[in-house]
Amino acid sequence: MSETVSQRRSVRRPLDLEQLKSDPTSLLAFGGDDPVLRKLETRRLYQAGYAAEDIAQAFGFSRPYLYELWAKLATDGVAALDDKRWGSAARTRTPTCEAQVLRAKALAPQRRDRDLAAEFKLDRSTVYRLLKEHGLQDLHRVLTAAPAPDSTTASFAPAAGEAAAKKGALKSSPAPKP
């Protein structure tokens, strides 16, 4: 004999969150904006016979998310209600950290982006962008480049254009015949 499992068919009833906040049996009466209490209240309302679609609409969640949430609640307990996906990681590129990276590069221009990133716990591309913003990315090339000629020696040497003109003038004029 095969046993069939019937789906839950709840009566559709609209929910009013303001009314729930004033209801002493509701978990929202403790703190209306606490996300954990809101999620617990969704489970309480579902067990009280409200349709998941009505609960999802009232609380601004999707119906599949509620089913996923309730399944996690059953397996992991209350710790599952703390959603770790929302928000972002703390910013590691702070003004203090930026100043330290710039100082380290200025004191030791030969240091690579990878080394600085490892030392200051940043991504290599972040260090590259920071150094590029401040004109320090290619500092090692600037410091190891050949020195520019002195202005005193440059004034005595003929300019490249003058030398080429003299050379061209000599080639174009015919040599005197004896």
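# Exercises on a predicted model

At 5% relative accessibility, W70 counts as buried. The model is predicted. Work through each exercise, then check the solution.

## Exercise 1: Two rings in one helix

**Task.** Classify Y67 as buried, partly exposed or exposed, and find what kind of aromatic pair Y67 and W70 form.

**Solution.**
1. Start with the cut-offs: buried is under 20% relative accessible area, and exposed is over 50%.
2. Y67 has a relative accessible area of 37%, so Y67 is partly exposed. W70, at 5%, is buried.
3. Now place the two residues. Both lie in helix α4, three residues apart, which is about one turn of the helix.
4. Turn to the rings. Their centres are 5.6 Å apart and their planes stand at 90°.
5. Planes over 60 degrees apart count as edge-to-face. The Y67 and W70 pair is therefore edge-to-face.
6. Add one more ring: pairs link Y46, Y67 and W70 into a cluster.

## Exercise 2: A second ring pair

**Task.** The structure holds four aromatic pairs. Decide what type the pair of F61 and Y65 is.

**Solution.**
1. The ring centres of F61 and Y65 are 5.3 Å apart, with 40° between the planes.
2. Stacked needs under 30 degrees, and edge-to-face needs over 60.
3. The F61 and Y65 pair is tilted.
4. Check burial too: F61 and Y65 are both buried.

## Exercise 3: The two sides of α4

**Task.** Test the length of α4 against the expected span. Then work out where its buried residues lie around the axis.

**Solution.**
1. α4 has 14 residues; at 1.5 Å a residue, they should span 20 Å.
2. The end C-alpha atoms of α4 are 20 Å apart, which agrees.
3. List the buried residues of α4: Y65, L66, L69, W70 and L73.
4. Look down the axis. These buried residues fall within an arc of 135°, so they line one face of α4.
5. That buried set packs against α2 and α3.
6. Now take the other side of α4. P64, A74 and T75 are exposed there.
7. Step past the end of the helix: just after α4, G77 has a positive phi of about 80°.

## Exercise 4: The largest nonpolar core

**Task.** Find which element gives the most residues to the largest nonpolar core, and trace the contacts of I55.

**Solution.**
1. The largest nonpolar core has 18 residues. L20, L45, I55, F59, L66, L69 and W70 touch the most other members.
2. Two or more residues come from each of α1 (17–22), α2 (35–47), α3 (52–59) and α4 (63–76).
3. α4 gives the most, with five residues.
4. Set aside the neighbours of I55 within four places in sequence. I55 is then in contact with L15, T42, L45, Y46, Y50, L66 and W70.
5. Another core lies apart from this one. It has 13 residues, including V101, A104, V127 and L131.

## Exercise 5: The two sides of α6

**Task.** Explain why the buried residues of α6 are on the same side of the helix.

**Solution.**
1. α6 runs over residues 113–120, and its buried residues are D113, L116, A117 and F120.
2. These residues cover an arc of only 100° around the axis, which puts them on the same side of α6.
3. Their cover includes α5 (95–107) and α7 (124–133).
4. The face of α6 turned away from the buried side carries exposed R114 and A118.
5. Just after α6, K121 takes a positive phi of about 55°.

Definitions and conventions. Residues numbered from 1 in each chain as written. Predicted model: local features only at pLDDT ≥ 70, side-chain atom pairs only at ≥ 80, totals over all residues. Heavy atoms only, no water. Buried < 20%, exposed > 50% of the residue type's maximum accessible area, 1.4 Å probe, protein only. Helix = DSSP H or I, 4+ residues; strand = E, 2+ residues; numbered from the N terminus. Arc of directions from axis to C-beta. Contact = heavy atoms within 4.5 Å. Core = buried A, V, L, I, M, F, W, Y, C linked by side-chain atoms within 4.5 Å. Expected span 1.5 Å × (residues − 1). Phe/Tyr/Trp six-rings, centres within 6.5 Å; stacked < 30°, edge-to-face > 60°.
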